[in-house]
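Student: I'm new to this one and would like a close look at a single part: the inside of the protein, where the nonpolar side chains gather. Could you walk me through that and then show me how it fits with the rest?

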Amino acid sequence: MLRAGSVVPCMACRNLLPSRIGVKFRIPLQKLHPLSRAIHHRYTANNNPQRPPHCSAARHYTSLSRLPMRPPKSLSGGHGYQQHRTFWVASLASRLLKLRYILLGSAVGGGYTAKKTYDEWKDMFPDMSQYTWIVPDFVWELSENIDLDKLASALPEMEEIAKLLPDMEKIGENFTFLKSLLSSGLGSEVNGASGLRLLLETTGDSALRAPDIPPASAARSDSSDKQFKKSSDKEKVDQLQEELVRTQLKYQRMLERLEKENKELRKVVLQKDDKGIHQRKVKKSLIDMYSEVLDILSDYDSNYNTQDHLPRVVVVGDQSAGKTSVLEMIAQARIFPRGSGEMMTRSPVKVTLSEGPHHVAMFKDSTREFDLGKEEDLAALRHEIEIRMRKSVKDGQTVSPETISLSVKGPGIQRMVLVDLPGVISTVTTGMAADTKETIFSISKAYMQNPNAIILCIQDGSVDAERSIVTDLVSQMDPLGKRTIFVLTKVDLAEKNLASPNRIQQIVEGKLFPMKALGYFAVVTGKGSINESIDSIKDYEEDFFQNSRLLREGMLKAHQVTTKNLSLAVSDCFWKMVRESVEQQADAFKASRFNLETEWKNNYPRLRELDRNELFEKAKNEILDEVISLSQVTPNHWESILQKKLWERVSTHVIENIYLPAAQTMNSGTFNTTVDIKLKQWTDKQLPHKALEVAWETLQEEFARFIAEYKGKDQDDIFDKLKEAVKDESIKRHKWNERAMDSLRVIQHNALEDRSITDKSQWDAAIKFMEETLQSRLKDTDSVIADMVGPDWKQRWLRWQNRTAEQHIRNETKNELERLLKVNEDHTAYLANDEVTTVRKNLEARGVEVDPVLIKDTWHQLYRRHFLQKSLLHCNLCRRGFYYYQRHFVDSELECNDVVLFWRIQRMLAITANTLRQQLTNTEVRRLEKNVKEVLEDFGEDTGKKVQLITGRRVQLAEDLKKVREIQEKLEAFIEALHKEK
């Protein structure tokens, strides 16, 4: 009799056991396998002993029911041994048949359960067909760059992969327990019946079900089965989800480990190539070639509508959304200036990412490499970027459209070109320009309207989605979402702060925002500290997603998280766009080149195609030739010009302040004393400065004269503005040697101290110089008097001119003063007060009202004319006075001290001109030439100056031709390299 503790087995189990086999089953029923207990004893709820078991139940539960039916034999006492032997044979056959059914039922039941579990697991996987674009091209090119044998050896064994499949041991645990019972010889009939029932119930064969189970018991058992099945399915789903997440994270770590090993191997290879850089020609990488084309296009302004439609990744987002942090994670370095809430990105920054042996950064216009592995270099790079941004911003503005070009190289960096734009703002704050918001929008639209630009839309996950500004802007530029990748940042803060994490799922599924996108990604860019390193941010991001319920509960897919997956997806999309559009762009520039060449041939058939830089070099050589021509000016020419200009500058002072006051004296001694004193004062203070001013002006005039004369020799007028600017700037920078002034003062003082006239020719030259000077002054004085009194009677009659009232008064005053001079020809230079009163009364008697000031002004000009006329008469008398001069005018009434004065002035002018000529030819011309060279070098380095000074359609056409040819050639070289890489 079968015993299970103190509990009697069910009727079916009891009927299956022979009554004479007294096997005691000491294992309690509670310790039996749960599945066995549920299957074998689910019908033991009715323990009523009054109701005998149905005979068909024995057929249903015993394997003997499958044997052929035999006629019953009579139980006579003479055949007891024969009956006992027959039952033993039948029992043995029954055991063998049960073993067969157990194996068959186990196989079929296990296979069905495995198939069902596999189907459930398969249904839980997402449809990956729409995300095939995310898989990067390098996966298909691994065989070219990676040792596949080494990779295969690094892959896990089949035993490890088998652990990831559904646990078949758990599924067949029921059958294992039954097998253990069978092998130990315990209850073979129970095991066989239970295994067969499992098979029958699983297959759902209604014809083999027990017909006489109580309805109430069957209903209760069915409801409990459904609840158990429902709860077990839910547990299985949860277990499979957790197992799927663990599997994905495990393979993610394996992939990162393999990538790290690959990075180290490639670094070694690149370092070997770097060592042989001097032995062979340097070959530019594919992304560097592409970046050069973009740099040229950024400065290209075409008039033929050949727009720049080459792909680049445009990073846009609201201010402080984390777009710069995302770019730093892709570049694997903290390279951008940091701030807390303030605008840091003030101009577009083009970052070219490429692979290299060392993690370095470099600006396009600089040769300095910043080692991104050193914190001091990182700080210097961030400072340099900030300085360049602030320099690019004009006065009164907050942002600038000028692009800063930067390249970053390092092992394992994905190759692409990204442009970080200023963050979109909704309000202009204090300190910003009034048009900052509109300027940022225009810059962003200018980059996003490129039909081949990939828009990397960055959205802050920690703020309400309704506050987003950039999503509306992106949806306007790319309404179909064919070139937009959406990135949700700060997911860790979003999961913590949002009451409904389902909003995150709606965002990454594209159901919350009106914009559409190629793909949606969720990333974490650190804890918000500016001192976090890239490695620590990566570790934090991986730990967060590994433990995040967003990924565990299926709200996020594994391929949608981490910046590593984002970088791979963006790089693959970038290169896909490049391959699709680059040849079309090359054809467009080829057509533009043909149009430009045709225009040049029609308008300038006999001129070479010289661009602005080449024209500047040509003009530079011409200007230097003109400066050298200054050294060919003859000494006589220099001295004559200098002497003439110097006398023009100082003649007024000499006549008005020296000669006229001294000539008013009564004797020669007083005259000479007055002259010496005034000449000394003049020499100490004014004369050297005036002389240097004259010399510098003369140098400028001669320089300009040579430029004007050179212009007539088939000179290209396109250089006029440049030459004028170079001349003005050179003169502005030129400073006369101050030490020359002291030596010049001594020379001039000594020249004026000399009163000795050695021969008659010098005397005659002094007479001539004095006469010319006095005549010139007399002519000027007559002109002034004529203007004062108006036209004379001839002009009034012949030219019909009349005098004004003031001129009439002055004319009457002049006539009255002339009568006074005729009466006293030796009158002094000034009128006495009584004389002024007499003249005024005489004029009033004739009906002319006159002011005393007017009388004195008129007297000054009349006396000046009278004095100059007397001086000219005296000059004529002194022509024969050289003999008296040699005798120092002893016993002679003729005194010619004024002639000696003019000789001293004339000699000083000649000596000063000679001194200045020597200084000009020996020093100042060379210094001017040096200044001109410096100015030309400065202009040559200043692109804006060249654009401003060398202008015209011819120049612009040559510039366009040069750039279009360069772009076309570089594009063709890039396309060729791109085909080779394929």
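Tutor: Sure, let's start in the largest nonpolar core, which has 98 residues. Keep in mind that this is a predicted model. Within that core, the members that touch the most other members are Tyr659, Trp682, Trp763, Ile905 and Val932. Helix H34 (residues 897-941) supplies the largest share of this core, 17 residues.

Pick out Trp682 and look around it. Leaving aside residues up to four places away in sequence, Trp682 touches Val650, His653, Val654, Ile658, Leu687, Pro688, Ile905 and Met908. Ile905 is worth a second glance, as it is on that list and is also one of the core members with the most contacts to other members.

There's another core too, lying apart from the largest one. This one has 60 residues, including Ile287, Leu406, Leu971 and Phe974. In general, nonpolar side chains in soluble globular proteins tend to be buried together.

Now for a strand. S5 covers residues 404-410 and is mostly covered, with five of its seven residues buried. Strand S2 (residues 349-355) pairs with S5 in the parallel sense, over seven bridges, and here Ser354 has Lys409 as its bridge partner. Strand S3 (residues 360-363) pairs with S5 as well, but in the antiparallel sense and over four bridges. There you'll find Ala361 opposite Val408.

For contrast, go out to the surface. Trp793, Trp797 and Leu798 make up a nonpolar patch there, and together they have about 480 Å² of accessible area. Leu798 sits in helix H29 (residues 793-798). Why does Leu798 count as exposed? Its relative accessible area is 70%, and exposed means over 50%. So the tendency for nonpolar side chains to be buried together is just that, a tendency.

Finally, zoom out. The protein chain has 36 helices and nine strands. Of its 982 residues, 43% count as buried. Its accessible surface comes to about 54,300 Å², and carbon and sulfur atoms account for 52% of that. As for how the chain folds back on itself, take the contacts between residues at least 6 apart in sequence: 80% of them join residues at least 24 apart.

Definitions and conventions
Residues numbered from 1 in each chain as written. Heavy atoms only, no water. Patch = residues over 30% accessible without salt bridge, like charges linked within 9 Å, V, L, I, M, F, W, Y side chains within 5 Å. Areas by Shrake-Rupley, 256 points an atom, 1.4 Å probe, with all protein chains shown as cover. Salt bridge = Lys/Arg side-chain N within 4 Å of Asp/Glu carboxyl O. Helix = DSSP H or I, 4+ residues; strand = E, 2+ residues; numbered from the N terminus. Buried < 20%, exposed > 50% of the residue type's maximum accessible area, 1.4 Å probe, protein only. Core = buried A, V, L, I, M, F, W, Y, C linked by side-chain atoms within 4.5 Å. Contact = heavy atoms within 4.5 Å. Pairing = 2+ DSSP bridges.
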